[in-house]
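Thanks, everyone. Let's go straight to the model and walk through a few places in it.

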Amino acid sequence: MRVPLSWLRDYVEFDLSIEAVAELLTNGGLEVENITRIGLPGAELEWDRERIVLGRILRVEQHPDADRLVLATVDYGAAEPKTVVTGAPNLFPYIGRGDLSGEQLYSPLALEGATLYDGHKEGRVKAKLKGRPLRGIYNDAMLCSEKELGISDEHEGIILISGRGGLEPRPYKPGTPLQDILGDAVLEIAILPNTARATSIIGVARELAALLGATFRPPSYDVVMDGPPLDGRVTITTENPDLNPRFVALLIEGVRQIPSPYWMQYRLRLVGQRPINVVIDISNYVMLEVGQPNHTFDYDVLRRRADEYASGDPESGSRPIHINTRLPHPGETLTTLDGKTHKLEPFTILVTDPAGNLSVGGIMGGLESEISDGTTNVLLEAAAWDFINIRRSANALDIHTEAAFRFSRGVHPSLALLGAKRAAELLRPLAGGTVAQGII
């Protein structure tokens, strides 16, 4: 499991070197197999503290002689801002919008003499930045993509960090060395069967706090529920409580399918996840942070299915969505999110409704009710499953997911409620959702 030190610091305070943290965790039973540094001294590409800094974008204008280039005016802490020529497509929406100071829009700025990876070459080829004219305008600085900084292979646009992109505005200061903003070290920890409690950032932070005798600071699990009541809109049953001792559902309405804030995307990339959109990213983020896998259904798809299986019922207009977990009927199949259709083993627990199967419990969601670009209402579920059954099912179906990794090692039932509430509260401000009152 990959654990960024910056993420650990959210939950436990420590003043140790990277090596000392790794040694302490290893001696405590969490074997650190590798350390990857990003931008820091000792990294494959160390970010020059004088020449790779945080810039604040003040204005974006069209290049006078090139349709695919723009001129970005960037405050980087000097007496005067710098004009940077760039073809970054994610700056095009800001062309001609005048003063962007109120946007609190930041990006890494590399100055002449900085060493970066060449974004236009295959692999990681280092190059020193030299000033040169670009379509008649001299350019001696660069706004950087993730590839140029060695964060990932992403080179479709520059990194854009919003001071308003988190839960609280960040007081970024132009000219701050990028090392101090995004520099990090990622520990790769071997999770053995007897350390399954540490299959999360919080789990490792709790262990580290215990080893240090420091205070463990878990995140808040409070959630603001100011939407219409959920009661009567969804019901949950289980036919096999020994395999599924807990199932929790919350409804978040009015979400927007937008990119997640950069701080979340960056953390997901550090742990090996590909950012997709804010709803899916939050689901993955909470699984990695809390250790509780969760799943998001398109509520409107479930509602349409409910209307179908309620047809002929004189009270169909008020019939709720019915989620039921059970074992498969003979011959049943399910097409999972990866597009593969699986013949189900008789011992594999399913999440279903009266219209059919929705997901393989604890392993992977079904294709039909997945989140799409048009999803606005999300039914968020988090559950507890029998770990031996999940391990057996994952091996039989040959589906090995991050969720199955955790559930097959044992996730305490009490985490289901905490993980669901944490995800719902992140969806509220970051996706613009409204959480319905009540938890099923």
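Contact, in this talk, means heavy atoms within 4.5 Å. Keep in mind that this is a predicted model.

Start with Glu402. Its place is in helix 10, residues 402-407. Which residues is Glu402 in contact with, leaving aside its neighbours within four places in sequence? They are Gln273 and Met287. There is also a link inside the helix numbering: the side chains of Glu402 and Arg406 are joined by a polar contact of 2.7 Å. Buried or exposed? Neither label fits Glu402, because its relative accessibility is 34% and that counts as partly exposed. One distance for orientation. Glu402 and Glu31 are 371 residues apart in sequence. In space they are 19 Å apart, C-alpha to C-alpha.

Now helix 7. It covers residues 278-290, and Ser283 lies in it. Ser283 has a relative accessible area of 10%, so it is buried. Its side chain makes a polar contact of 2.7 Å with the side chain of Asn294.

Next, the packing of that helix. Two packed helices are described by the angle between their axes and the distance between the axes. For helix 7 and helix 11, residues 414-430, the angle is about 140°. The axes are 10 Å apart. The crossing of helix 7 past helix 11 is right-handed. Who makes the contact? From helix 7, it is Val278, Val279, Ile282, Tyr285, Val286, Glu289 and Val290. From helix 11, it is Leu415, Gly419, Arg422, Ala423, Leu426, Leu427 and Leu430. Sorted by class, that contact has 11 nonpolar residues, 1 polar and 2 charged.

Hold on to Tyr285, one of the contact residues of helix 7. That brings us to the aromatic rings. How many aromatic pairs are there? The count comes to 5. I'll show two.

The first on my list is Phe247 with Trp385. The pair is edge-to-face, 6.5 Å centre to centre, with 90° between the planes. Phe247 lies in strand 15, residues 246-253. Trp385 sits in the loop between strand 23, 377-384, and helix 9, 387-397. The pair therefore ties together parts that are 138 residues apart in sequence. Phe247 is buried, at 12% relative accessibility. Trp385 is buried too, with a relative accessible area of 6%.

The next is Trp263 with Tyr285. This pair is also edge-to-face: 5.6 Å between centres, 85° between planes. Trp263 is in helix 6, residues 262-270, and Tyr285 is in helix 7, so parts 22 residues apart in sequence are tied together. Their exposure labels? Tyr285 is buried, at 2% relative accessible area. Trp263 counts as partly exposed, at 26%. Trp7 joins in here: Trp7, Trp263 and Tyr285 form one aromatic cluster.

Last stop, the backbone. Most residues other than glycine have a negative phi, and most peptide bonds are trans. Which residues have a positive phi without being glycine? I have two to show. Gln104 has a phi of about 50°. Its place is the loop between strand 5, 82-86, and strand 6, 105-111. Gln104 is buried, with a relative accessible area of 15%. Asp398 has a phi of about 55°. It is found in the loop between helix 9 and helix 10. Asp398 counts as exposed, at 59% relative accessibility.

That's the tour.

How values were computed:
Residues numbered from 1 in each chain as written. Predicted model: local features only at pLDDT ≥ 70, side-chain atom pairs only at ≥ 80, totals over all residues. Heavy atoms only, no water. Helix = DSSP H or I, 4+ residues; strand = E, 2+ residues; numbered from the N terminus. Buried < 20%, exposed > 50% of the residue type's maximum accessible area, 1.4 Å probe, protein only. Polar contact = N/O pair within 3.5 Å; in protein donor to acceptor, adjacent residues only side chain to side chain. Axes fitted to C-alpha atoms, helices over the stretch in contact; angles between N-to-C directions. Left-handed = near helix turned anticlockwise from the far one by under 90°. Nonpolar A, V, L, I, M, F, W, Y, C, P; charged D, E, K, R; others polar. Phe/Tyr/Trp six-rings, centres within 6.5 Å; stacked < 30°, edge-to-face > 60°.
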